[in-house]
Amino acid sequence: MTAEPHDAPDDVTIRPVTAFDLALLAALHAEIFKAPWDQPWSAQSFAEVLAMPGARGWLIASGGTPIGFLLARFILDEGEILLTGIVPAAQRHGHAGRLMHVLIESARAAGVGALFLEHAAGNTAAAALYGRFGFSRIGRRRAYYERRGGGREDAITLRRILDPENARESGQSE
């Protein structure tokens, strides 16, 4: 089943990730995640994450060509965004936003009251995307990511309340 956000062009489709997509996810990850703090994910890495309770993912394609994905995990009334990525050639066309709309609709349907995530402090594109979707900074994990070539990168933790009635009080201090 294809879920299309309201303003998606006809040639853009979003569908749930399946076990048949593991190699594709690993290839997309290798193309997308090249920052010094990024670590490679294999097909096995994706299999292990998607086997976790509450894990789910969506694949976005344009003209039939896969261009990105989003992975999340819903446990009880909380959700966590694990990875969001769009291939460089397709960035800045609203595709990550389309994935976020599908995620938020799915989270609400699953009774998720709050979504959480973290991103590298130096990842300004992630900060801008999540800010547009109403995520607020709740903390900083110092030296969380190991950088290739040495050094560490802080992680910024974010939260978005989807349903105040369903969201537990939780957060992290700086």
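Which residues of the largest nonpolar core touch the most other members? Here are my notes on this predicted model.

1. On that opening question: Trp58, Phe69, Met100, Leu103, Leu115, Tyr130 and Phe135 are the ones to click on, as they touch the most other members of the largest nonpolar core, which has 43 residues. Helix H3, residues 95–109, supplies the largest share of this core, with seven residues.

2. Have a look at Tyr130 while you're there. Leaving aside residues up to four places away in sequence, Tyr130 touches Ile81, Thr84, Met100, Leu117, His119, Phe135 and Leu158. Two of the names in that list, Met100 and Phe135, also appear among the core residues with the most contacts to other members.

3. There's another core, lying apart from the largest one. This one has five residues, including Ala35, Ala120, Tyr145 and Ala155.

4. Now the strands. E3 (residues 65–75) and E4 (residues 78–86) run antiparallel and are joined by eight bridges. Phe69, one of those core residues from point 1, stands opposite Gly85 in E4. The hairpin made by E3 and E4 has two residues between the strands, and Leu76 in that hairpin takes a positive phi near 55 degrees.

5. On to E5, residues 114–120: this strand runs parallel to E4, and three bridges join the pair. For Glu78, the bridge partner in E5 is Ala114. To get from E4 to E5 the chain passes through H3, giving a right-handed β-α-β crossover. That's the H3 that gives the largest core seven of its residues.

Conventions:
Residues are numbered from 1 along each chain as its sequence is written. This is a predicted model: local features need pLDDT of at least 70, side-chain atom pairs count only at pLDDT 80 or more; totals for chains, interfaces and linings use all residues. Side-chain values use heavy atoms; hydrogens and water are left out. A nonpolar core is a set of buried Ala, Val, Leu, Ile, Met, Phe, Trp, Tyr and Cys residues joined through side-chain atoms within 4.5 Å. Buried means under 20% relative accessible area, exposed over 50%, partly exposed in between (1.4 Å probe, protein chains only). Helices (H or I, at least four residues) and strands (E, at least two) are DSSP runs, numbered from the N terminus. Contact means heavy atoms within 4.5 Å. Two strands pair if DSSP finds at least two bridges between them. A crossover is right-handed if, with the strands pointing away from the viewer, the path from the first strand over the helix to the second runs clockwise.
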